[in-house]
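Work through these exercises with the sequence and the model open. Try each task before reading its solution.

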Amino acid sequence: MKRQLQSSKAGILLALAGLLMAGVGMHRGEMSTVFEKAVKICMECIGIG
Amino acid sequence: MDKRKDAGSWNRHKIQAVWALLTNSYLIGFAQGRIYKGSLKNLCLPGLSCYSCPGAVGSCPIGAMQAVIGSWNFKFPFYVAGFLLFAGALMGRFVCGYLCPFGLFQDLLHKIPFPKKIKTFPADALLRKLKYVILAVFVVLLPMVVVDILGQGAPYFCKLICPAGTLEGGLPLVLLNESMRSAIGWLYVWKNALLLLTIVASVLIYRPFCKYICPLGAVYSAFNSVAVFRYQLDQEACIGCGACAASCEMQVDLIKHINSPECIRCGACKRACPVGAIHFRQAGKSRQSNTTGL
Ligand code: SF4
Ligand code: SF4
């Protein structure tokens, strides 16, 4: 039981760490790199580029 | 039991289909051969879902990760890695079972009748490690190391491997745009050959792309045993009949490893268990006191 609670805590802590990391990336401006790639047709993805 | 199994799997497919439609709901893109350019594309989707699909309203996390790693100004993708950490820590490969359009595509292909479906083969276990190599080499290393004079790396997984990009982006866009049709070359042929191979293999083997190739499945697999939503086995209730393992199309032996990295949380084992010994567990809650959560 104790082990389960601990490992659930691990999941929650990792999820929070993920949010924090994503926030750091957004702050660095990584989201605009993702956006710019996603709004142009990705020639590599479709097998042309 | 088979009827129950079928009804359960179709219920899951309905959820997968609704999710695939919601996340690819820019239907005008299919009519006009163009892609959505709105602000939702800032956001990653949890499943493998090509952002060059005319209907896509979000970004593929694997494509996004390569875009950031391969950009000249960033090398570590905090935003995408953080998103994957968040989604993985909450759900693990539940994403694969429910929230991935390419997973649904393979599920449906596997329903096509064929006299002899392949459950396993001698190199199966070894091949399952391939997805981790593909993640390390094509998603991380090559875009980081093989760069042009501006310091930019290409998305090598998308370019050389991803059949989801060919299916969701390559086929509709090339069919709908004459200028693109005139630009196709060996790479397009190669990627279509890989898509065809994936389709044929999916009829014979359950989810071959997820088992052997998918780098996103590789990422989420690392979280299956710590994810907030995961399985637990009630060892007191379990009678060791093996019905769960026999029902599992991913060939997970649940009694040995209830949260195996290969489990996509499809729920077939839960439905097959005659004594209801497999549960979804939630953070901090346990329905039975004598259970094994790892
Ligand atoms: S392994 Fe990859 S393709 Fe398969 S369901 Fe998971 S994310 Fe989708
Ligand atoms: S272990 Fe159960 S939930 Fe996981 S893939 Fe197998 S049948 Fe589906």
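**Exercise 1. The shell around ligand 1**

Task: In this predicted model, find which helices of chain B each supply at least two residues of the shell around ligand 1.

Solution.
- Step 1. List the surrounding residues. They are B:Arg93, B:Cys96, B:Cys100, B:Gly103, B:Arg207, B:Phe209, B:Cys210, B:Cys214, B:Leu216 and B:Gly217.
- Step 2. Match them to the helices. Helix H13 (208–213) and helix H14 (215–221) of chain B each give at least two.
- Step 3. Sort the shell by class. Six residues are nonpolar, two are polar and two are charged.

**Exercise 2. The cover on helix H6**

Task: Decide how many of the ten residues of helix H6 in chain B are buried, and name them.

Solution.
- Step 1. Set the limits. Helix H6 of chain B covers residues 101–110.
- Step 2. Apply the cut-off. A residue counts as buried under 20% relative accessible area.
- Step 3. Count. Eight of the ten residues are buried, so the helix is mostly covered.
- Step 4. Name them. The buried residues of H6(B) are B:Pro101, B:Phe102, B:Gly103, B:Leu104, B:Gln106, B:Asp107, B:Leu109 and B:His110.
- Step 5. Link back to ligand 1. B:Gly103, a buried residue of H6(B), is also one of the residues surrounding that ligand.

**Exercise 3. Cysteines, bonded and not**

Task: Find which cysteines are joined by a disulfide, then explain why B:Cys238 is not bonded to B:Cys244.

Solution.
- Step 1. Search all chains. The whole structure holds one disulfide.
- Step 2. Identify the pair. A:Cys42 is joined to A:Cys45, with 2.3 Å from S to S.
- Step 3. Read the geometry. The link of A:Cys42 and A:Cys45 has 80 degrees about the S-S bond and is right-handed.
- Step 4. Check the cover. A:Cys42 is buried, at 2% relative accessible area. A:Cys45 is buried at 2% as well.
- Step 5. Turn to chain B. The cut-off for a disulfide is 2.5 Å between sulfur atoms. The closest cysteine sulfur to that of B:Cys238 is in B:Cys244, 6.4 Å away, so the two are too far apart for a bond.
- Step 6. Test B:Cys244. Its closest cysteine sulfur is in B:Cys241, at 6.4 Å, again too far for a bond.
- Step 7. Compare exposure. B:Cys238 is partly exposed, at 24%, whereas B:Cys244 is buried, at 9%.

**Exercise 4. Where the chains meet**

Task: Describe the interface of chain A and chain B by its contacts, its buried area and its salt bridges.

Solution.
- Step 1. Count contacts. 38 residues of chain A touch 59 residues of chain B.
- Step 2. Take the area. About 3,900 Å² is buried between the two chains.
- Step 3. Split the area by atom. Carbon and sulfur atoms give 72% of it.
- Step 4. Look for charge pairs. The interface of chain A and chain B has zero salt bridges.

**Exercise 5. A salt-bridge network**

Task: Find which residues form salt bridges with B:Glu262, and state where the partners lie.

Solution.
- Step 1. Start from the total. The whole structure has ten salt bridges over all chains.
- Step 2. Take one partner. B:Arg128 meets B:Glu262 at 3.1 Å, N to O. B:Arg128 lies in the loop between H7 and H8 of chain B, and B:Glu262 in the loop between H15 and H16, so the pair ties together parts that are 134 residues apart in sequence.
- Step 3. Take another partner. B:Lys131 meets B:Glu262 at 2.7 Å, N to O. B:Lys131 sits in helix H8 of chain B, 131 residues from B:Glu262.
- Step 4. Check accessibility. B:Arg128 is buried at 8%, B:Glu262 at 11% and B:Lys131 at 0%.
- Step 5. Widen the view. B:Arg93, B:Asp124, B:Arg128, B:Lys131 and B:Glu262 are linked in a network of salt bridges. B:Arg93 is also among the residues around ligand 1.
- Step 6. Contrast with another pair. B:Asp253 forms a salt bridge with B:Lys256, at 3.6 Å between the closest N and O atoms. Here B:Asp253 is partly exposed, at 34%, and B:Lys256 is exposed, at 73%.

Key:
Residues are numbered from 1 along each chain as its sequence is written. Chains are lettered from A and ligands numbered from 1 in the order in which they are written. This is a predicted model: local features need pLDDT of at least 70, side-chain atom pairs count only at pLDDT 80 or more; totals for chains, interfaces and linings use all residues. Side-chain values use heavy atoms; hydrogens and water are left out. A residue is near a molecule or strand if one of its heavy atoms lies within 4 Å of it. Helices (H or I, at least four residues) and strands (E, at least two) are DSSP runs, numbered from the N terminus. Ala, Val, Leu, Ile, Met, Phe, Trp, Tyr, Cys and Pro count as nonpolar, Asp, Glu, Lys and Arg as charged, and the others, Gly among them, as polar. Buried means under 20% relative accessible area, exposed over 50%, partly exposed in between (1.4 Å probe, protein chains only). Contact means heavy atoms within 4.5 Å. Buried area is the accessible area (1.4 Å probe) that two parts lose on being put together, summed over both. A salt bridge is a side-chain nitrogen of Lys or Arg within 4 Å of a carboxyl oxygen of Asp or Glu.
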